[in-house]
Amino acid sequence: MSSLDERVEAALGGGSGATPPRRWARPWTEATAMPDPPALRLSYDPYPYQCQAAHLLDSTLHERSLGNLLVASPTGSGKTFAIKWAARRAVELGWRLVIAV
């Protein structure tokens, strides 16, 4: 049996004939501030990973090429923030958003 790294590389790189996901990688510089205009008014300073999530969600939603988006992270890591951000942006842009938990 091959290692996990080999299987991931085969799926992303084509060793198995699979097509790599369209959005599996994109150039990124770390976000230091929230996108402008913000989708949410926060009573706290967001963590850097929340700024990054907001930028990634905005760039995905504004490209108008969104298919399915999966957000998976450990308990307490900001999934609710991401859902609220995406929901607000979807309403602003007139998109339908389905959230499965």
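Two residues are in contact here when heavy atoms of one lie within 4.5 Å of heavy atoms of the other. Keep that in mind for the views below, which all come from a predicted model.

**View 1. Gln50 and its neighbours.** Let's start with Gln50, a residue of helix α2. Leaving aside residues up to four places away in sequence, Gln50 touches Tyr44, Gly78 and Phe81. Is Gln50 buried or exposed? Its relative accessibility is 7%, and buried means under 20%, so Gln50 counts as buried. One of its contacts, Phe81, is itself among the buried residues of helix α3.

**View 2. The whole chain, for orientation.** Step back for a moment before zooming in again. The chain has three helices and zero strands, and read from the N terminus its elements run α-α-α. The chain is 101 residues long, and 18% of them count as buried. Its accessible surface adds up to about 7700 Å², with 56% of that belonging to carbon and sulfur atoms. Now take the contacts between residues at least 6 apart in sequence: 63% of these join residues at least 24 apart.

**View 3. Helix α3 from end to end.** This helix covers residues 79-93. Does its length come out as expected, or not? At 1.5 Å a residue, the 15 residues of α3 should span 21 Å, and the C-alpha atoms at its ends are 21 Å apart, so the two agree. Just past the helix comes Gly94, and its phi is positive, near 75 degrees.

**View 4. The two faces of α3.** Which residues of α3 are buried? They are Phe81, Ala82, Trp85, Ala86, Arg89 and Ala90. These residues cover an arc of only 160 degrees around the axis, which means they sit on the same side of α3. Part of what covers them is helix α2, residues 48-62. Go round to the face turned away from that buried side and you find the exposed residues Thr80, Lys84 and Val91.

**View 5. A salt bridge from α3 to α2.** Here the side chains of Arg89 and Asp58 meet in a salt bridge, with N and O 2.7 Å apart. Arg89 belongs to helix α3 and Asp58 to helix α2, so this pair ties together parts that are 31 residues apart in sequence. Are these two partners buried or exposed? Arg89 counts as buried, at 3% relative accessibility, and Asp58 is buried too, with a relative accessible area of 7%.

**View 6. Arg89 again, now with Glu92.** Stay on Arg89 and look along its own helix. Glu92 also forms a salt bridge with Arg89, and the closest N and O atoms are 2.8 Å apart. Both residues lie in α3, three residues apart, or about one turn of the helix. Glu92 is partly exposed, with a relative accessible area of 47%. Since these salt bridges share partners, Asp58, Arg89 and Glu92 are joined into one network. How many salt bridges are counted in total? The count comes to two.

**View 7. Ala87 and a residue from earlier in the chain.** Ala87 is another residue of helix α3. At 27% relative accessibility, Ala87 counts as partly exposed. Look across to Ala39, which is 48 residues away along the chain. In space, the C-alpha atoms of Ala87 and Ala39 are separated by 8.9 Å.

**View 8. A nonpolar patch on the surface.** Which residues make this patch? Ile83, Leu97, Ile99 and Val101 do, and together they form a nonpolar surface patch of about 410 Å². Ile83 is the member to find in helix α3. With a relative accessible area of 35%, Ile83 is partly exposed. A residue needs over 30% relative accessible area to be part of a patch, so Ile83, at 35%, passes that cut-off.

**View 9. Val98, in the segment after α3.** The last stop is Val98, found in the segment that follows helix α3. Is Val98 buried or exposed? Val98 is exposed, with a relative accessible area of 64%. Asn68 is 30 residues away from Val98 in sequence, and the C-alpha atoms of the two are 9.5 Å apart in space.

How values were computed
Residues are numbered from 1 along each chain as its sequence is written. This is a predicted model: local features need pLDDT of at least 70, side-chain atom pairs count only at pLDDT 80 or more; totals for chains, interfaces and linings use all residues. Side-chain values use heavy atoms; hydrogens and water are left out. Patches are made of residues with over 30% relative accessible area and no salt bridge: like charges are joined within 9 Å, nonpolar side chains (Val, Leu, Ile, Met, Phe, Trp, Tyr) within 5 Å. Accessible areas come from the Shrake-Rupley method with a 1.4 Å probe; for residues, only the protein chains shown count as cover. A salt bridge is a side-chain nitrogen of Lys or Arg within 4 Å of a carboxyl oxygen of Asp or Glu. Helices (H or I, at least four residues) and strands (E, at least two) are DSSP runs, numbered from the N terminus. Buried means under 20% relative accessible area, exposed over 50%, partly exposed in between (1.4 Å probe, protein chains only). The expected span of a helix is 1.5 Å times one less than its number of residues. The arc is that of the directions from the helix axis to the C-beta atoms.
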